[in-house]
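Thanks for making the time this morning. I would like to take you through one model, and please stop me if anything needs a second look.

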Amino acid sequence: MATVITFGNFKGGVGKTTSACMTSILLAEKGYKTLHVDFDPQADSTEFLANVHDYELKEDYISLFESLKEDRSLKRAIISIADNLSLLPSGADLVGYERLVHEIVGDREGTEHFVLDAFLTEVRADYDVIVIDVPPTLNVYNSNALLASDAVVVVMKTQRKSLNATRKYLNFIEELNEVRKHYDYNILKVAGVLPYLQKKSSPLDDEIIKAANEEFSELLFEKHILERERIKRYDEEGISFKQMDVHDKNVFKMYRDVTEELLQRLNK
Ligand SMILES: Nc1ncnc2c1ncn2[C@@H]1O[C@H](COP(=O)(O)OP(=O)(O)O)[C@@H](O)[C@H]1O
Ligand SMILES: [Mg+2]
């Protein structure tokens, strides 16, 4: 049965999509059957994973939303893009999700948060891990993703605003845990707060890490993601896995270390 992990924060541009995608790629490489759910209408994960794996995403692919709307099932949208790695692609049409949720739940108030969880039930047994990428807004996407998840990684850019947003996200998780208790769900585990886009030898970034350490203590990942130019290229050009140079290898090692720590934190 899959462990479902959301990579979240209420702030945009902090590294949620990239860390979620790199985690999916590396878990698949390790042999975990992985499903990556792009739950953001901006479809950044869909583009990133297709680019990285040189997967030709046809213009008329079936999006997660289309499959949900037409079949009340996610299955038809799942595409296999690499060994052990499947993707539930997003598209701009996902902006209609909130309306669809209300159509589905009708006047059963309170159940709107559980719609994604219900839809994931039919695929949970097919995977070891399901990774969800979410938009940076407090709304139905985040509540649905978090209520469908077993664990969450809060991605924190080493910047004061992102630290504050991380605190808010953790509070939101606590509120959702009250909802989970009410419906007899397990408590959502915070797998950790991941320091992201840290600049090497930046006193300001070090200060944020120190403050985060004091506030989140053992929740803070020991391994951090540093700012690396090379990553930005993956969005555009993908990766030639067979011809990785030293920069690619460094980038992969950095994300691999974080993935290993995540598995330890999840006892997987
Ligand atoms: N380790 C990194 N080093 C440098 N740039 C990065 C790194 N990780 C992500 N980026 C870039 O930072 C930007 C925001 O990342 P993204 O993952 O899209 O954040 P979010 O999903 O939180 O909005 C993107 O342009 C991405 O290419
Ligand atoms: Mg994103």
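I will go through two helices, then the shell around the ligand, a record annotation, and finally some backbone angles.

Please keep in mind throughout that this is a predicted model.

Let me start with helix α10, which runs over residues 246-265 and has 20 residues. From its first C-alpha to its last it reaches 29 Å, close to the 28 Å expected at 1.5 Å a residue. Which residues of α10 are buried? They are Val-251, Tyr-255, Val-258, Thr-259 and Leu-262, and because they cover an arc of only 100 degrees around the axis, they sit on the same side of α10. As a general reminder, an α-helix has 3.6 residues a turn, so residues three or four places apart point the same way. On the other side of α10 we find Val-246, Lys-249, Lys-253 and Gln-264, which are exposed. What do the buried residues of α10 pack against? Their partners are α1 (16-29), β6 (151-157), β7 (189-196) and α9 (229-237).

The other helix I want to show is α7, residues 160-182, where the 23 residues should span 33 Å at 1.5 Å a residue, and the end C-alpha atoms are 34 Å apart, which agrees. The buried residues of α7 are Ser-162, Leu-163, Ala-165, Thr-166, Tyr-169, Ile-173 and Leu-176, and they pack against β1 (3-8), α6 (140-147), β6, β7 and α8. So that you can compare the two lists yourselves, β6 and β7 are named among the partners of α10 and also among those of α7.

Turning to ligand 1, there are 15 residues around it, and the closest are Val-14, Lys-16, Thr-17, Thr-18 and Ile-231. The elements that give two or more residues to this shell are α1 and α9. By character, the residues of the shell around ligand 1 divide into four nonpolar, five polar and six charged.

On annotation, UniProt, in an unreviewed entry, places the feature "domain: AAA" at residues 3-178. Over that stretch, residues 3-178, the model is 44% helix and 18% strand, with the end C-alpha atoms 21 Å apart.

Now to the backbone angles, where the general background is that most residues other than glycine have a negative phi. Where does Ser-217, which has a positive phi, lie? Ser-217 is in the loop between α8 (203-216) and α9, its phi is near 30 degrees, and it counts as exposed because 9 other C-beta atoms lie within 10 Å, where exposed requires 12 or fewer. Asn-267, in the segment after α10, is not a glycine either, yet has a positive phi of about 55 degrees; with 7 C-beta neighbours inside 10 Å, Asn-267 is likewise exposed. Following α7 there is also Asp-184, whose phi is positive, near 60 degrees.

One last residue is Leu-204, which is found in helix α8. Is Leu-204 buried or exposed? Leu-204 is exposed, with 11 other C-beta atoms within 10 Å. The C-alpha atoms of Leu-204 and Val-101 are separated by 43 Å, and the two residues are 103 residues apart along the chain.

That is the end of my walk through the model, and I am happy to go back to any of these places.

Methods:
Residues are numbered from 1 along each chain as its sequence is written. Chains are lettered from A and ligands numbered from 1 in the order in which they are written. This is a predicted model: local features need pLDDT of at least 70, side-chain atom pairs count only at pLDDT 80 or more; totals for chains, interfaces and linings use all residues. Helices (H or I, at least four residues) and strands (E, at least two) are DSSP runs, numbered from the N terminus. The expected span of a helix is 1.5 Å times one less than its number of residues. A residue is buried if 20 or more other C-beta atoms lie within 10 Å of its own, exposed if 12 or fewer, and partly exposed in between; C-beta atoms are placed from the backbone. The arc is that of the directions from the helix axis to the C-beta atoms. Two residues are in contact if their C-beta atoms, placed from the backbone, lie within 7 Å. A residue is near a molecule or strand if its C-beta atom, placed from the backbone, lies within 6 Å of it. Ala, Val, Leu, Ile, Met, Phe, Trp, Tyr, Cys and Pro count as nonpolar, Asp, Glu, Lys and Arg as charged, and the others, Gly among them, as polar. UniProt positions are given in the numbering used here, feature names are shortened, and annotations may be inferred rather than shown by experiment.
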